Amino acid sequence: MKASDLRIKFLTFKHQAHQKLLEFLASPHAPLYLKVIGVMLAVLLFVLLVQILALIWSFIAYHRDPVSYLREYYDPLTPRYVDTTDFRTAEDHVIDLEAYKEELFKLNEFNTYLSDKIPINRKHKDPRSESCRIAAKRLPPDTDLASTSIVITFYNEELSTLLRTLVSIVLNSPMETVKEVILVDDKSSRDELKSRLDTEMAQFPFVKIIRNSKREGLMRSRIIGAKAAEGKILIFLDSHVEVLKGWYSPIVSRVMEDRRTVVCPVISTIDHTTLQYVNDKYTGIWGAWNWDMTFQWRPIPPREQQRRGFDDSAPIRTPAMAGGIFAVDKEFFFEIGAYDPGMKVWGAENLEFSFRVWMCGGAIEINTCSFVGHIFRRSSVILQSVTGETALLQNTRRLVDVWLDEFKDAFFAAAPASKNAEGGDVISRVLLKQRLKCRSFSWYLREVFPDQPRPERDFVGFGQVKGPGETCLDTLGPGVGHQVGVYSCHGKGQSQLWMLMLSGELSNNNLCLDGDGENPRKVVMYECHGLKGNQQWFITEDNVVKHGGSGKCLTHDGRFLQLLPCDETDERFKWEFASTSDDVKRKFYTIYGKQFGYTTKAEQAIKDEEKRVRDEEIAKRRAEEEKENARLEEERKEREAQEEASRKEQEEKDREVAAKEAAKRDKEEEEFRAWRAQKLKLEEEAKKRSEAEREERRRFQEEMKRNEEEKKRKEDEEREKKEREKEEEE
């Protein structure tokens, strides 16, 4: 029978009963008390029938389409709360409410009291940008998405946050493609996470609960959940998150495009005190790490922004992942070795998985159009135990032994306590690395994360900074403005991992040591601004740290740092880095030595040697000059004597030459006079011969003239004779 038929029959019965009741009440023969009883029975019967019908209606609607029913039931317009009466102290029995709230806070390291008070089906604003909303229209329809299995592991999770996680999945996911949600209980000890959790989960038909028989830890619990999964794509979530609108399709479709890509959503903060969702800067950062192998968020470098075309909807190729929330192809997940089953409890698995994905042929992306809110606890509940802290050291040592290759020394300088940690047998993971033909860590730094500062290349000093005794430079707590001091050296990095950059900045976890020369006790952590001044530091070869802004030196009062006039003989002014780079130090001293009026010992030794050589050369030159001067003086005297002798000899020669020249001139004069007389005589004779020749020539010319005239006369006479003979003949 259809639900609509049941509704019609109920309305018909209700109308008939109403008519009968009116007739009974209108009858004049019915006693008053019977009329009252009749009215009460009628009302009771009506309420009972309504409740029965509502239950029947809900049962039919739930089994027809449980997801639609759940979405309607958990519609944010109707707030739903967790009933905590069976495992919480009633509030009216609490003597000190604030102390009770703090007790609950310490239970989970977030505001548990408030979590119980706010709805598990609350609604958040859509955090996506306009470009993401446009990009969502280009995604394949939900019906074309591959099936997924959502794996959530938990240990002693707060029931309200766990339910809030599940309800957010129902309200913001295309459940027709979600094959299942697998809850892996890592042997929780809280009562409400046993039968009470089973009761709560009964309303979610797609939820499977796997309960570990012993404590397995996060990594092995996730492997257990992944092996039980039936979906093609695995989505791992933490148990204290809230997925937001549009989170699902971008990450699933991207894994479908490239099965070797692991996709993370943007992990935004749910404040651990107010439980308010915070979405401020998380699309402008990516996953990174320090050399002590702690994960951290850093601003996306310009080269990656340029690769993305400055498009805030484009995925970020992140060097590392936060670890708890990502989507991955199930086959690829197991192909590359899933999680390291040798890791215990919690910690370092995110970096180990990140290195393995990148180095073994995969890639990791942050999809900036998918948002998941996450409660970041005030402090780690796991690390508060000795077991958790030891497990983190062991897990990190396994990661380092398998994947860091020749860069292990940088890690041990950052976290020296890890040298004594036992990572266990890693042969199977090394063989996995060889079988997958994974690339080297040097390749990872060069191709995937070239922006990562490297101790041998970028740090003047690196690692823990030891002061007098067994104390080390320590941030003494996180956050901007926190006063810095000294604390017992623990060798774990973190608050004692310092980096003195080539720029002169002394940093820890993306914050810089900042000193105020006017207030000697104001040495705090502050956001790095790159302007030097109060954040510029200089370390001498005697390990004295000078402040660029004031010229004073760094010391301490036994607890907090101070800036005081330098006293290089006082051990309280000495600070020793665990690791230094001679090459970077030389560059550092070359750049800033003159500014701080400092000369290195090597430079001073060179200068002293140069001065000694220079003095020796000067003395040698002076001796040579004196010897040369004496030689020159002797030569000068000899030259002057020679010149005097030469002069006298020359004068004698000159006199002889002058006498010879005078005799020669006299002889030449005599010869000239004889030559002139001879010349005059010859000229006279020549004159006489010339006159005789002229006379002879004149007579010859006259003779020739007479002969010519005689010849002409005879020719004329011969002609005349011929003419007469001719005339006579005629």
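This report describes a helix contact and the aromatic groups around it in a predicted model.

Helix H13 (residues 349-359) and helix H17 (residues 441-448) have axes that come within 10 Å and cross at roughly 80 degrees, which means that H13 is roughly perpendicular to H17. On the H13 side the contact is made by Phe-355, Trp-358 and Met-359, while H17 contributes Phe-441, Trp-443, Tyr-444 and Val-448. Sorted by class, this contact of H13 with H17 holds 7 nonpolar residues, with no polar and no charged ones.

A search of the whole structure finds 30 aromatic pairs, and the table gives two of them.

| Pair | Centre to centre | Angle between the planes | Class |
|---|---|---|---|
| Trp-289 and Phe-441 | 5.9 Å | 45 degrees | tilted |
| Trp-291 and Phe-407 | 6.1 Å | 25 degrees | stacked |

The tilted pair links distant parts of the chain, since Trp-289 belongs to strand E8 (residues 285-289) and Phe-441 to helix H17, 152 residues apart. Trp-289 is buried, with a relative accessible area of 0%, and Phe-441 likewise counts as buried at 0% relative accessibility. In the stacked pair, Trp-291 lies in the loop between E8 and strand E9 (295-299) and Phe-407 in the loop between helix H14 (386-403) and helix H15 (408-414), so the pair ties together parts that are 116 residues apart in sequence. Both Trp-291 and Phe-407 are buried.

One aromatic cluster is formed by Trp-286, Trp-289, Trp-291, Phe-355, Phe-407, Phe-441, Tyr-444 and Phe-449.

Charged groups also meet rings: Arg-439 lies over the face of Trp-443, at 4.4 Å from the ring centre, and the charged end of Arg-559 sits over the ring of Phe-560, 5.5 Å from its centre.

Key
Residues are numbered from 1 along each chain as its sequence is written. This is a predicted model: local features need pLDDT of at least 70, side-chain atom pairs count only at pLDDT 80 or more; totals for chains, interfaces and linings use all residues. Side-chain values use heavy atoms; hydrogens and water are left out. Axes are lines fitted to C-alpha atoms, for helices over the stretch in contact, and angles run from 0 to 180 degrees between N-to-C directions. Helices (H or I, at least four residues) and strands (E, at least two) are DSSP runs, numbered from the N terminus. Angles under 35 degrees count as roughly parallel, over 145 as roughly antiparallel, 65 to 115 as roughly perpendicular and the rest as oblique. Contact means heavy atoms within 4.5 Å. Ala, Val, Leu, Ile, Met, Phe, Trp, Tyr, Cys and Pro count as nonpolar, Asp, Glu, Lys and Arg as charged, and the others, Gly among them, as polar. Rings of Phe, Tyr and Trp (its six-membered ring) pair if their centres lie within 6.5 Å; planes under 30 degrees apart count as stacked, over 60 as edge-to-face and the rest as tilted. Buried means under 20% relative accessible area, exposed over 50%, partly exposed in between (1.4 Å probe, protein chains only). A charge sits over a ring if NZ of Lys or CZ of Arg is within 6 Å of the ring centre and within 35 degrees of the ring normal.
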